[in-house]
Amino acid sequence: MKRFITMAVSAIALILALAGCSGEEKSLQDIYNNAIEASNELNSYQMDMNMDMDMSMPGIPAQKTTITTKGKVVIDPMALHQTMEIMGQSVEMYYTENGMYMQQPGTDQWVKAPKSMMDQLTQMSQAQQKPGEQLEQLKKYVEDFNLEEKENSFVLSVSSSEDKMKGFVKEMLKQNLPNNAINDDVLKNISIKKLDYKFTVNKDNYYPKALDLSMDLEIEQNGEKSIIKEKIHATYSKYNEIEEITVPEEVKNNAQEMPMGPS
């Protein structure tokens, strides 16, 4: 259960963060269409993100987690370099079509993910790293967005609860989690108690500037409820400036194969 919740919340957060790669102009619909077009032309960017998560599960003490992430993304060919601070520990990761390497928390040791894990992550990342596709999925909810114009940017925001965007969240979870990681029975038991979503884009090129997300989820299973509260602030930069992400030779040469534990 804990593993599913972590995967689900992370997927939602990343999906919505990448969907923030958008832009706006005259009417809300025109702005959103320009956002999709700009996102489809975006091949690389940097995203810096702070995430605070409160998780309450039956039989487990309430957990508070703070995560700070700095990541560089190249969409074609797909690649990612990410550094993450989790509760005082630093973790670094490289992901390319040729392999995924992760640093063991608190050590200098690197591990390489097995091919089976790579295949699943490739399926997830191909959808997650194409912001235009995510914006297309959000397009049916444009009528619920509010538009605010500032000197150098547009701000699109939406506040929702329960059924408003529940269909979108469920659809994206099914598309972006590995096969069999989530089923219809679990999806049916997810309740969105609150979803406040705001992204800010540049007026001149419709590229993203910032994302703010506040989300409360409740998951009921076997008569017991788990509650997840999450806040995210992300900023975007270096549009199309990152030409290539490669894994350092030292990492590749010294990495150990990751053992496959029980699922």
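Lys238 sits in the loop that connects strand 11 (224–237) with helix 7 (249–254), and this loop is a good place to start a tour of the structure, which is a predicted model. Lys238 is not a glycine, yet its phi is positive, at about 55 degrees. With a relative accessible area of 35%, Lys238 is partly exposed. The loop between strand 11 and helix 7 also contains Asn240. Here, too, phi is positive in a residue other than glycine, with a value near 60 degrees. Asn240 counts as partly exposed, at 36% relative accessibility. As background for newcomers, most residues other than glycine have a negative phi, and most peptide bonds are trans.

Two further spots in the backbone deserve a look with that background in mind. Asn222 takes a positive phi near 55 degrees in the hairpin of strand 10 and strand 11, a hairpin with two residues between its strands. The peptide bond between Asp76 and Pro77 is cis, with omega at about 0 degrees. Pro77 belongs to the loop between strand 2 (60–74) and strand 3 (79–86).

Stepping back to the overall architecture, the protein holds seven helices and twelve strands. An open sheet is formed by twelve strands, arranged in the order 7-8-9-10-11-1-2-3-4-5-6-12 with mixed pairing. At the edges stand strand 7 and strand 12 (256–257), each with a single partner strand, so one side of each is left without a neighbour in the sheet.

Strand 11 is a helpful landmark within this sheet. Strand 11 runs antiparallel to strand 1, and eleven bridges join the two. In this part of the sheet, Asp48 stands opposite Thr235 of strand 11, while Ser56 has Ile227 of strand 11 as its bridge partner. Strand 11 is also joined to strand 10 (residues 208–221), by twelve bridges and again in an antiparallel arrangement. Leu211, for instance, has Ala234 in strand 11 as its bridge partner. A reader tracing these strands may find it useful that in a regular strand the side chains alternate between the two faces of the sheet.

Aromatic side chains offer another way into the model, and the structure holds five aromatic pairs. One of them is formed by Tyr45 and Tyr236, a tilted pair with 6.3 Å from centre to centre and 55 degrees between the planes. Because Tyr45 lies in strand 1 (residues 44–57) and Tyr236 in strand 11, the pair ties together parts that are 191 residues apart in sequence. Tyr45 is buried, with a relative accessible area of 0%, and Tyr236 is buried as well, at 5%.

Another of the pairs consists of Phe145 and Tyr197, which meet edge-to-face at 6.4 Å centre to centre, with 80 degrees between the planes. This pair links distant parts of the chain, 52 residues apart: Phe145 is in the loop between helix 4 (131–138) and strand 7 (146–149), and Tyr197 is in strand 9 (residues 190–202). Phe145 and Tyr197 are both buried. Ring pairs also bring Tyr32 into the picture, linking Tyr32, Phe145 and Tyr197 into a cluster. Elsewhere, an aromatic ring has a charged companion: Lys203 lies over the face of Phe154, 5.3 Å from the ring centre.

Phe145 and Tyr197 appear again in the nonpolar interior. The largest nonpolar core has 51 residues, and Phe145, Leu156, Tyr197 and Phe199 are those with the most contacts inside it. Strand 1 supplies the largest share of this core, with seven residues. There is also a second, separate core of nine residues, with Val74, Tyr101, Trp110 and Val247 among them.

A few totals complete the description. The protein has 263 residues, of which 48% count as buried. Its exposed area is about 13400 Å², and carbon and sulfur atoms supply 45% of that area. Among contacts between residues at least 6 apart in sequence, 63% join residues at least 24 apart. The tilted pair of Tyr45 and Tyr236 described above, whose residues lie in strand 1 and strand 11, is a concrete case in which parts 191 residues apart in sequence are tied together.

How values were computed: Residues numbered from 1 in each chain as written. Predicted model: local features only at pLDDT ≥ 70, side-chain atom pairs only at ≥ 80, totals over all residues. Heavy atoms only, no water. Helix = DSSP H or I, 4+ residues; strand = E, 2+ residues; numbered from the N terminus. Buried < 20%, exposed > 50% of the residue type's maximum accessible area, 1.4 Å probe, protein only. Phe/Tyr/Trp six-rings, centres within 6.5 Å; stacked < 30°, edge-to-face > 60°. Lys NZ or Arg CZ within 6 Å of the ring centre and 35° of its normal. Core = buried A, V, L, I, M, F, W, Y, C linked by side-chain atoms within 4.5 Å. Pairing = 2+ DSSP bridges. Contact = heavy atoms within 4.5 Å. Areas by Shrake-Rupley, 256 points an atom, 1.4 Å probe, with all protein chains shown as cover.
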